[in-house]
Amino acid sequence: MRRPNGITVISVVVLLEALALLSAAAWYAFELLTGAPVLTFWGAVFTLGLLLAFSAWLFAVGHFLFRGYRWTRAAALVAQLFVLTIGFPTMTGGLVWQGLAMIVPALAAIIFLFQKDVVAFASRTGGTSGAL
């Protein structure tokens, strides 16, 4: 089965979000190591761990979605909903371009997630043949 364009778009969006989280983790680690004030050191380390874990998770979701695994559609949808919950307050809080940079790709990914050819392609469960 030929890979639909929607799968490629969603995978790229998810991978870019993973890179953004990884960049945020790198910046957070730099700030932590250079002595930026924090309430609790271990709380900051925990936050850094969460950023790294979520970034790794999104890299895995993007990779396996591109390969057509079924479980990735739900994970990608949840990730896009989280991005929307951050993007809308960002936009309405005065950072319009930054909010739109989050909202537009997330909405595009959500729309593509429900296309018939994307659903048909992303139906693998682990074997080489489709599950549906």
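The dialogue below works through several features of a predicted model, one at a time.

Biologist: Where should I begin with the overall architecture, and how many helices and strands are there in the protein?

Modeller: It helps to start with the elements and their order. The protein has five helices and zero strands, so that its order from the N terminus on reads α-α-α-α-α. The C-alpha atoms fill a box of roughly 55 × 35 × 15 Å along the principal axes.

Biologist: What do the surface and the contacts of the protein add to that outline, and what percentage of its residues count as buried?

Modeller: Totals of this kind describe the whole chain before any single residue is considered. Of the 132 residues, 32% count as buried, and the protein exposes about 8100 Å², with carbon and sulfur atoms supplying 75% of that area. As for contacts, among those between residues at least 6 apart in sequence, 66% join residues at least 24 apart.

Biologist: How do I read a buried position, and which residues does Ala 25 touch?

Modeller: The general idea is to set the accessible area beside the list of contacts, where buried means a relative accessible area under 20%. Ala 25, which lies in helix H1, has a relative accessible area of 2% and is therefore buried. Leaving out residues up to four places away in sequence, Ala 25 touches Leu 48, Leu 51 and Leu 52. The C-alpha atoms of Ala 25 and Ser 55 are 8.7 Å apart in space, although the two residues are 30 apart in sequence.

Biologist: Is Val 61 buried or exposed, and what is it in contact with?

Modeller: The reading proceeds in the same two steps. Val 61, in helix H2, has a relative accessible area of 0% and is therefore buried. Apart from neighbours within four places in sequence, Val 61 is in contact with Val 14, Trp 71, Thr 72, Ala 75 and Ala 76. The C-alpha atoms of Val 61 and Arg 73, 12 residues apart along the chain, are separated by 8.4 Å.

Biologist: Trp 71 appears in that list of contacts; how should I read its ring, and how many aromatic pairs are there?

Modeller: For a ring pair one reads the distance between centres together with the angle between planes, and planes that are neither under 30 nor over 60 degrees apart count as tilted. The count comes to four aromatic pairs. In one of them, the rings of Trp 57 and Trp 71 have centres 5.5 Å apart and planes at 40 degrees, so this pair is tilted. Because Trp 57 lies in helix H2 and Trp 71 in helix H3, the pair ties together parts that are 14 residues apart in sequence. Phe 64 and Trp 71 form a further tilted pair, with 5.9 Å from centre to centre and 50 degrees between the planes.

Biologist: Which residues do the ring pairs link into a cluster, and how accessible is Trp 57?

Modeller: Pairs that share a ring can be followed from one residue to the next. Here they link Trp 57, Phe 64, Tyr 69 and Trp 71 into a cluster. Trp 57 is partly exposed at a relative accessible area of 45%, Trp 71 is likewise partly exposed at 38%, and Phe 64 counts as partly exposed at 26%.

Biologist: Turning to the surface, which residues make the nonpolar patch?

Modeller: A patch is read first by its members and then by the elements that supply them. The nonpolar patch, of about 490 Å², is made by Val 12, Leu 16, Leu 19, Leu 22, Leu 52 and Phe 59. The elements giving two or more residues to the patch are helix H1 (5–33) and helix H2 (41–67), and H1 gives the most, with four residues. Phe 59 has its place in helix H2 and is partly exposed, with a relative accessible area of 30%.

Biologist: Finally, how do I read a polar side chain such as that of Thr 90, and is Thr 90 buried or exposed?

Modeller: One considers both its cover and the polar atoms around it. Thr 90 is found in helix H3 (residues 71–92) and is buried, with a relative accessible area of 18%. A polar atom of its side chain lies 2.6 Å from the backbone oxygen of Ile 86. Not counting residues up to four places away in sequence, Thr 90 touches Leu 95, Gln 98, Gly 99 and Met 102.

Conventions: Residues are numbered from 1 along each chain as its sequence is written. This is a predicted model: local features need pLDDT of at least 70, side-chain atom pairs count only at pLDDT 80 or more; totals for chains, interfaces and linings use all residues. Side-chain values use heavy atoms; hydrogens and water are left out. Patches are made of residues with over 30% relative accessible area and no salt bridge: like charges are joined within 9 Å, nonpolar side chains (Val, Leu, Ile, Met, Phe, Trp, Tyr) within 5 Å. Accessible areas come from the Shrake-Rupley method with a 1.4 Å probe; for residues, only the protein chains shown count as cover. A salt bridge is a side-chain nitrogen of Lys or Arg within 4 Å of a carboxyl oxygen of Asp or Glu. Buried means under 20% relative accessible area, exposed over 50%, partly exposed in between (1.4 Å probe, protein chains only). A polar contact is a pair of N or O atoms within 3.5 Å; within protein, one must be able to donate a hydrogen and the other to accept it, and residues adjacent in sequence count only if both atoms are side-chain atoms. Contact means heavy atoms within 4.5 Å. Rings of Phe, Tyr and Trp (its six-membered ring) pair if their centres lie within 6.5 Å; planes under 30 degrees apart count as stacked, over 60 as edge-to-face and the rest as tilted.
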